[in-house]
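Dear colleague,

I am handing over the structure below, and after it I set out what was found. Please read the notes alongside the coordinates.

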Amino acid sequence: QVEYAESAKRDAAVDRVREALESNEKVVVVGNRKLWVRSFLPLVERVLSTATRRALWSRVTDGDDSASARGELAEEFVRGGVSGPALLVATLDSIKTSIDLQDADRMIVVGLPRTPEELIQLEGRVHRLGLSRPVAIDYLVAEGTVDEVIHAALLTRLESVDVAGVATEPTSDMRQEIDEGE
């Protein structure tokens, strides 16, 4: 069951990334595990058209690189003259602080943050002050797995944080889910 749900999430993420890249978008994909992050890029490259694959700027950061290297990577993504399709695959921990990814058109979150603070911080990577265009954020939640429990807990905790006036709500709709059959 869990393995099937993992592959459904992976397949849904690959499909969404393929569609976005074929539309010339800049995409950030966030996972929780290093192994998943390291294996995702080759899966995407297999399903892209030849023209998109040739034009693609792609990088992986899994937290094993230094903070300055991650900063340089983000700088290249945002201001480095990347035009055309771009894909940054990262672990949550490698991009959750001090990284500006405001040029992203879409963020796909495969590994859910564990706390409302992490969620707001993660969304803050692409929703920067002064940003004048929309950025889509997709959260992939597999039915019948711990994802549903984490998702429900995050929503509940976000509501209580909002009631207390401690933080603002996330900028995206946390209710974007996938089912096992996708």
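A word on confidence comes first, since this is a predicted model: pLDDT is the predictor's confidence in each residue, on a scale from 0 to 100. Over residues 163-182 the pLDDT stays under 50, and for that stretch the model has 54 contacts beyond four places in sequence. Where pLDDT is low, the predicted coordinates should not be read in detail. For the protein chain as a whole the mean pLDDT is 81, with 85% of its residues reaching 70 or more.

Turning to the interior, the largest nonpolar core has 29 residues, and those with the most contacts inside it are Val-28, Phe-77, Leu-101 and Met-107. Among the elements that give two or more residues to this core are the strands S1 (26-31), S3 (86-91), S4 (106-109) and S5 (136-139), together with helices including H4 (67-79) and H7 (146-164); the largest share, four residues, comes from H4. Phe-77, if residues up to four places away in sequence are not counted, touches Lys-26, Val-27, Val-28, Trp-57, Val-82, Ala-86, Leu-88, Leu-101, Asp-103 and Ala-104. Apart from this core lies another, of 20 residues, among them Val-14, Leu-21, Ile-108 and Leu-140.

One charged residue may also interest you: why does Asp-147 count as buried? Asp-147, which lies in helix H7, counts as buried because its relative accessibility is 10%, and the cut-off for buried is under 20%. Leaving aside neighbours within four places in sequence, Asp-147 is in contact with Lys-9, Leu-112, Leu-140, Val-141 and Ala-142.

With best regards

How values were computed
Residues are numbered from 1 along each chain as its sequence is written. This is a predicted model: local features need pLDDT of at least 70, side-chain atom pairs count only at pLDDT 80 or more; totals for chains, interfaces and linings use all residues. Side-chain values use heavy atoms; hydrogens and water are left out. A nonpolar core is a set of buried Ala, Val, Leu, Ile, Met, Phe, Trp, Tyr and Cys residues joined through side-chain atoms within 4.5 Å. Buried means under 20% relative accessible area, exposed over 50%, partly exposed in between (1.4 Å probe, protein chains only). Contact means heavy atoms within 4.5 Å.
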